[in-house]
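Here is a friendly set of questions about how labels are earned in a structural model. Have a look at the model first, and then we can talk through the reasoning.

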Amino acid sequence: ATAGGAGHSSKILERLSEQGRLICMDQDPDAIQIIKERIGSDPRVTVVHDNFAHIAEALSDLGIDRVDGILADLGVSSHQLDTPERGFSFHTDAPLDMRMSQEGPTAADLCNELPEAELRKILYTYGEEKNAPRIAASIVRARAEAPIETTLQLVELVKGAVPAKQRRAKHPARKTFQALRIAVSASPNTARAASVRRNSRSVSAAGRPARSSRSSSGRRERKNWNRTREAAARNSAA
């Protein structure tokens with residue numbers, strides 16, 4: 001799931017038997033193209049272009065009711081960050097896009113159209129941004145004068161909204177960009193992790209799901225997910 005640039009998938013293939021099968025799933029068209037170019041010719045590989053939240057349906061369509069493992073490598077990829085026009089990076093000026101699937105509303109649409117309370121909630125929930133009220137208010141004031149269309153426009157708004165002390169620490173816009181990316185993708189880490197927990201029922205008794213996430217919210221979610229998995233194992237053994 002979320003196969004990205006096929007890095008993890010390539011390593012799995014190195015250890016996969018000739019009878020094994022690897023399902024690579026991603027919603028990003030660019031990622032799908034990279035996966036096909038890197039490992040798509042391997043007969044053990046099946047590439048699925050879809051959101052990982054639909055993994056159960058995808059497996060069902062392929063006639064698969066049990067798997068030996070699920071690896072969910074969550075978050076923005078290096079390719080997405082290194083492609084300025086995708087709008088994921090707060091270091092380069094580009095259209096404020098952030099769409100994983102390259103379809104649907106952009107981050108600019110959210111900034112320019114959502115009510116202030118909804119923006120504040122997104123920043124709190126998905127970015128754990130303590131300055132969410134200030135940043136949301138700054139966005140609403142700015143868009144009343146002119147639309148917010150680029151990444152650096154948003155960066156400057158965030159910088160102006162947070163205390164000077166926080167501007168000197170880590171990049172002040174990192175949490176805002178994380179929150180908007182998750183909101184735009186309509187598949188936040190918490191929902192994705194819940195999807196993995198639900199789909200862990202499709203994992204065989206000898207297998208296990210695995211999840212990669214570098215955010216603090218992701219680490220907390222992983223602990224909750226592990227507890228759910230352990231409880232499910234106890235119930236099946238009972």
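The questions and answers below go through contacts, burial and strand pairing in this predicted model.

Q: Why is the contact between Arg-86 and Asp-28 called a salt bridge?
A: The side chains come to 3.0 Å, N to O. A nitrogen of Arg within 4 Å of a carboxyl oxygen of Asp meets the rule, so the name applies. By this rule the count comes to 8 salt bridges.

Q: What makes the pair of Arg-86 and Asp-28 a tie between parts of the chain?
A: Arg-86 sits in the loop between α4 (78-81) and α5 (107-113), while Asp-28 sits in the loop between β1 (22-26) and α2 (29-39), so the parts tied together are 58 residues apart in sequence. Both Arg-86 and Asp-28 are buried, too.

Q: How do you know that Asp-42 and Arg-44 form a salt bridge?
A: Happily, the check is the one used above: the N to O distance is 2.8 Å, and the cut-off is within 4 Å. Asp-42 and Arg-44 are both buried.

Q: Why does Asp-97 count as buried?
A: Its relative accessibility is 15%, and buried means under 20%, so the label fits. The side chain of Asp-97 also meets that of Arg-99 in a salt bridge, at 2.7 Å from N to O.

Q: Which residues are linked in a network of salt bridges?
A: That network links Lys-11, Glu-14 and Arg-15.

Q: Why do Phe-90 and Phe-177 count as an aromatic pair, and what makes the pair edge-to-face?
A: The ring centres are 5.5 Å apart, and the limit for a pair is within 6.5 Å. The planes lie at 85°, and over 60 degrees counts as edge-to-face, so that is the term to use. The structure holds 1 aromatic pair.

Q: Where do Phe-90 and Phe-177 lie in the chain?
A: Phe-90 is in the loop between α4 and α5, and Phe-177 is in helix α10 (residues 174-185), so to speak 87 residues apart: the pair links distant parts of the chain. Phe-90 and Phe-177 are both buried.

Q: How do you know that β1 and β2 pair?
A: There are 5 bridges between β1 and strand β2 (residues 45-49), and at least two are needed, so the strands pair. They run parallel. One of the partnerships joins Cys-24 to Val-47 in β2.

Q: What unit do β1, α2 and β2 make?
A: Together they make a right-handed β-α-β unit.

Methods
Residues numbered from 1 in each chain as written. Predicted model: local features only at pLDDT ≥ 70, side-chain atom pairs only at ≥ 80, totals over all residues. Heavy atoms only, no water. Helix = DSSP H or I, 4+ residues; strand = E, 2+ residues; numbered from the N terminus. Buried < 20%, exposed > 50% of the residue type's maximum accessible area, 1.4 Å probe, protein only. Phe/Tyr/Trp six-rings, centres within 6.5 Å; stacked < 30°, edge-to-face > 60°. Right-handed = clockwise from strand over helix to strand, strands pointing away.
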